[in-house]
Amino acid sequence: MGHSQAREFADELKTSIDNRPSNDPMTRSERNNQLRYIALVYSENNRAKNACEIMSSLCKQSPNVAALHREYAFALSNDSQLDLAEYELIRALELQPKNASSHAQLGLIYCRTGRTEAGYKCYARAATLDPSNPNYTQRLVYWSNYSEATTQQSNYQLSQLWVGKALSSKQVSSKKWSTDDPDRQLKIGFVSSDFCAHAVSFFITPLLEGLNRKDFQIVAYSDTKKADHVTESIKALCDLWRDSSEDNDDKLAGQISADRVDILVDLNGHSGGNRLNVFAKHVAPIQLSWLGYPSTTGLKNIAYRITDRIADPVGLNDEFFSEKLLRLPNGLLCYKPLESAPDINPNENSEHIRFGSFNNLAKVSSLTFDCWAAALLAVPKSTLYVKRQQLLNRNAVNYFLEQFEERGIPNDRVILKTSNAKIEQHLDEYNNIDIALDTTPYNGTTTTLEALWMGVPVISLSGHTHASRITASILHRLNLSGLAAKTVVEFAERAKELAQIKETLTDLRFGLRKRMRESSLMNNRQFAFEFGNTVRSQWRDWCHDQNVQNKPKIPAKPAVSGESE
């Protein structure tokens with residue numbers, strides 16, 4: 001059932017309940033169960049406000065039922081009322097302390113509002129309470145990338161724990177591929193839930209535009225729930241488009257096999273909407289992971305992962321990836337900025353340095369606060385402008401202000417704002433900051449590139465995981481590796497150096513777009529050539545292996561009397 005059909009069905013059911021005669025035999029329990037179902041449908045289909053009205057009424061009728069508070073919190077979360085959702089979940093846990101679902105829902109709210117360590121603990125509690133549920137373990141895998149306590153080894157071990165729970169009997173190849181031509185045109189498929197106005201579009205578009213169509217035929221498997229104009233632009237770049245948003249895993253796996261895809265690329269990893277269960281079925285000869293997730297999938301049937309030598313230095317963590325790392329010579333991604341991005345036009349009204357970050361709040365760890373506070377302390381009278389939609393919630397604002405106060409930064413030096421403007425207006429806000437401060441241990445990617453495109457240099461702290469080295473990779477390609485610090489002290493020093501030389505900072509700002517245009521970051525032909533050559537090389541290796549495996553064995557020559565055996 002599609003979204004519109006589901007909403008229509010829920011509307012009809014709601015109308016029938018509201019219009020029932022007073023002498024109708026339906027019990028209160030039956031009526032409430034139907035209303036709960038309607039609220040769930042509304043919550044999942046862009047009618048969260050209607051769902052909130054229903055669940056609020058039910059909670060007032062039965063204030064001591066934990067499930068109602070949990071379902072009300074789900075509706076509130078979908079309506080971006082995270083403070084109220086948090087309150088309802090805390091109430092649900094007071095009534096039912098060992099409910100794994102409530103702990104997981106609360107964990108998501110904590111993560112979305114910048115309290116990621118607390119969220120991670122909630123997910124860990126959910127996984128402990130319901131160890132047989134692989135979904136909680138997968139959330140641990142995903143959110144571990146945001147935790148400064150995580151290493152590549154620990155993330156790999158978590159991914160293997162998830163594989164053991166979710167895919168223990170599924171990682172088998174159901175298809176035998178015959179020996180093939182190593183040099184023919186290859187059918188390359190991309191699987192994603194984000195073929196829309198999403199960060200993925202800035203990176204998949206230049207690759208699709210740059211791939212040589214004599215060498216590759218492009219197939220897209222779109223799990224996108226809300227198609228838009230960006231969806232249509234990506235679709236136009238593909239030779240074959242499959243809308244898989246309503247397909248279950250078995251149906252999608254069958255479709256990919258029927259399409260005879262040679263190379264299948266996963267763009268989700270462990271993020272929401274992923275199709276790792278499909279990749280576990282080994283539906284294409286070569287399967288690889290790229291772009292949408294910063295760590296290992298843990299699947300043995302995903303043989304390769306696209307990266308580069310800065311994001312993943314040779315020998316640093318190779319053993320803690322289930323995939324073989326394929327390092328592209330000139331970087332792991334290519335960027336195509338928004339064509340309607342505003343001009344670089346810095347607002348010069350401020351006499352003091354304005355730092356800023358527009359990153360996902362979930363990436364703002366304790367170590368990030370240390371870096372940001374150190375930069376503010378190193379540059380007297382400077383301010384920090386943090387902008388994100390989740391700052392609409394008071395609990396998030398209070399948490400951020402408390403963290404800065406603990407580090408000696410008064411409230412008047414921190415500007416916290418929400419962001420619900422169009423993307424052009426969002427980008428124009430970069431003209432109100434001088435220097436962008438990155439997050440760690442999960443760096444910005446799109447946010448880093450947005451800042452640079454808008455003429456704002458980015459200072460980053462590099463770590464030992466891919467997630468903590470993405471900005472270092474980007475800066476390296478712009479000959480700005482010096483802005484990727486290795487310690488908090490060095491982070492503050494870089495901020496001070498940039499702030500003290502206003503003329504140099506101004507020259508850098510107005511030269512960044514030209515620098516980006518002339519770099520490998522925006523050379524889609526070079527990137528697509530390197531990407532294509534790399535996967536072609538793996539295809540040739542596979543063909544060679546197939547030839548070896550399928551080559552008829554020559555019987556051993558019988559031993560002749562007198563000869564040694």
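Begin by selecting strand S5, residues 286-289, where both faces are covered: Ile286 and Leu288 on one side, and Gln287 and Ser289 on the other, are all buried, buried meaning under 20% relative accessible area, exposed over 50% and partly exposed in between, with a 1.4 Å probe and protein chains only. What you have open is a predicted model, in which local features need pLDDT of at least 70 and side-chain atom pairs count only at pLDDT 80 or more, while totals for chains, interfaces and linings use all residues. Residues are numbered from 1 along each chain as its sequence is written, and side-chain values use heavy atoms, with hydrogens and water left out. The labels for helices (H or I, at least four residues) and strands (E, at least two) refer to DSSP runs, numbered from the N terminus.

**The sheet around S5**

Keep S5 selected and add strand S4, residues 263-266; S4 and S5 pair in the parallel sense over 4 bridges, where pairing requires that DSSP finds at least two bridges between two strands. Within this pair, Ile263 stands opposite Ile286 in S5. On adding strand S6, residues 304-307, you will find that S5 and S6 pair in the parallel sense over 2 bridges, and that the bridge partner of Ser289 in S6 is Arg305.

Now select strand S1, residues 186-192, which pairs with S4 in the parallel sense over 4 bridges, and look for Ile188, whose bridge partner in S4 is Ile263. Bringing the other strands into view shows an open sheet of 7 strands with parallel pairing, in the order S3-S2-S1-S4-S5-S6-S7. Its edge strands are S3 (240-243) and S7 (324-327), each of which pairs on one side only. Neighbouring strands of this sheet are turned by 25° against each other on average, direction ignored; for such angles, axes are lines fitted to C-alpha atoms, for helices over the stretch in contact, and the values run from 0 to 180 degrees between N-to-C directions.

Next, select helix H12, residues 249-258, which packs on the sheet and touches S1, S2 (216-222), S3 and S4, contact meaning heavy atoms within 4.5 Å. The direction of H12 makes about 170° with that of S2.

**A loop beside S5**

Return to S5 and select His282, which is found in the loop between helix H13 (276-280) and S5. This residue has a positive phi of about 55° although it is not a glycine, and His282 is buried, with a relative accessible area of 16%. For another case, go to Lys381, in the loop between helix H14 (366-378) and strand S9 (383-387), where phi is near 70°, a positive value in a residue other than glycine. At 59% relative accessibility, Lys381 counts as exposed.

**Two helix pairs**

Select helix H8 (residues 134-143) together with helix H9 (residues 152-166), which pack at an angle of about 165° with their axes 9 Å apart. That makes H8 roughly antiparallel to H9, since angles under 35 degrees count as roughly parallel, over 145 as roughly antiparallel, 65 to 115 as roughly perpendicular and the rest as oblique. To look at the contact itself, show the side chains of Pro134, Thr137, Gln138, Leu140 and Val141 in H8, which meet residues of H9 including Leu158, Leu161 and Trp162.

Then move to helix H4 (residues 66-78) and helix H6 (residues 100-112), which pack at an angle of about 25° with their axes 10 Å apart, and which are therefore roughly parallel to each other. Here Arg70, Ala73, Phe74 and Ser77 in H4 meet Ser101, Ser102, Gln105, Ile109 and Arg112 in H6.

**Around helix H17**

For the last stop, select helix H17, residues 446-453, which is mostly covered, with 8 of its 8 residues buried; among them are Glu450 and Trp453. If you show the surroundings, what covers the buried residues of H17 includes helix H10 (201-210), helix H16 (423-428), strand S11, strand S12 (458-461), helix H18 (470-476) and helix H20 (502-517).

Two backbone details can be selected on either side. In the loop between S11 (435-437) and H17 lies Pro441, joined to Thr440 by a cis peptide bond with omega of about 10°. Just after H17, Gly455 takes a positive phi of about 80°.
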